[in-house]
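Good morning, and thank you for joining this group meeting. Please look at the sequence and the structure as they appear, and keep them in view while I speak.

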Amino acid sequence: MKNISMTHHAEVRQQQRCISDLQVETLLRFGTKKRVKGEAFACFIERAILKDLIANIKTKINQKKNKNSAYNMNNSMIKSIDLFISEMSLHSEKKLCALLDTLTRLGNTRLIICGDTVLTVMHGYKKLKTIY
């Protein structure tokens, strides 16, 4: 994952809106980018992807509890989640549960990105106006 910087405005908004660094990292890794005004992109997570991520993390937690359980997930999703978990050092069950809690709060969180800089962080409740 390439290094992305945040403007001071984005850091202030992130703190005001209680959006963690883990949520920002998750959005950047698994999020969808759509072009908005100017050269900026809105980064958000689609419901289907979020649902898959949550289901796969729950499966991983259950697998840690029951070592004999079946592990049938989408192969590319397994690799990306395993890589994400290993990079974030989220190996313990407690940390996986924290990741699951983080994911459940990502449904309406958006980042506005221009180049390699996050301009602002927001909770979006209205439909996103995109430019095609």
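I begin with a single residue, C18, which is exposed, with a relative accessible area of 61%. By definition, exposed means over 50% relative accessible area, buried means under 20%, and partly exposed lies in between, using a 1.4 Å probe and protein chains only. C18 lies in the loop between α1 and α2. Its phi is positive, at about 55°, although C18 is not a glycine. As a general point, most residues other than glycine have a negative phi.

Before I continue, a word on the source. This is a predicted model, in which local features need pLDDT of at least 70 and side-chain atom pairs count only at pLDDT 80 or more, while totals for chains, interfaces and linings use all residues. Residues are numbered from 1 along each chain as its sequence is written, and side-chain values use heavy atoms, with hydrogens and water left out.

Is C43 buried or exposed? C43 counts as buried, at 0% relative accessibility. The structure holds 0 disulfides, a disulfide being a pair of cysteine sulfur atoms within 2.5 Å.

Let us now turn to the overall arrangement. The protein chain contains 5 helices and 5 strands; helices (H or I, at least four residues) and strands (E, at least two) are DSSP runs, numbered from the N terminus. In order from the N terminus, the elements run β-α-α-β-β-α-α-α-β-β.

In what order do the strands form the sheet? The 5 strands form an open sheet in the order β1-β5-β4-β3-β2, with mixed pairing. The edge strands, each pairing on one side only, are β1 (5-6) and β2 (32-35). Two strands pair if DSSP finds at least two bridges between them. In general, strands of a sheet pair through backbone hydrogen bonds, either parallel or antiparallel.

At one edge, β1 and strand β5 (residues 117-123) run parallel and are joined by 2 bridges. M6 has V118 as its bridge partner in β5. At the other edge, β2 and β3 run antiparallel, joined by 4 bridges. R35 has F41 as its bridge partner in β3. These two strands, β2 and β3, form a hairpin with 5 residues between them, and G38 in the turn has a positive phi of about 65°.

Next, the helices. Helix α1 (residues 8-16) lies across β1 and β5, and runs at about 25° to β5. Helix α2 (residues 21-30) packs on the sheet, where it touches β2, β3 (41-44) and β4 (109-114), and its direction makes about 70° with that of β4. Contact here means heavy atoms within 4.5 Å. The axes are lines fitted to C-alpha atoms, for helices over the stretch in contact, and angles run from 0 to 180 degrees between N-to-C directions.

Why is α2 largely enclosed by the rest of the structure? It is so described because 7 of its 10 residues are buried. Among them are L22, V24, L27 and F30.

Helix α5 (residues 93-104) holds L96, which counts as buried at 0% relative accessibility. L96 and I61 are 35 residues apart in sequence, yet 6.8 Å apart in space, C-alpha to C-alpha.

I close with the chain as a whole. Of its 132 residues, 36% count as buried. Among contacts with a separation of 6 or more, 63% come from residues 24 or more positions apart.
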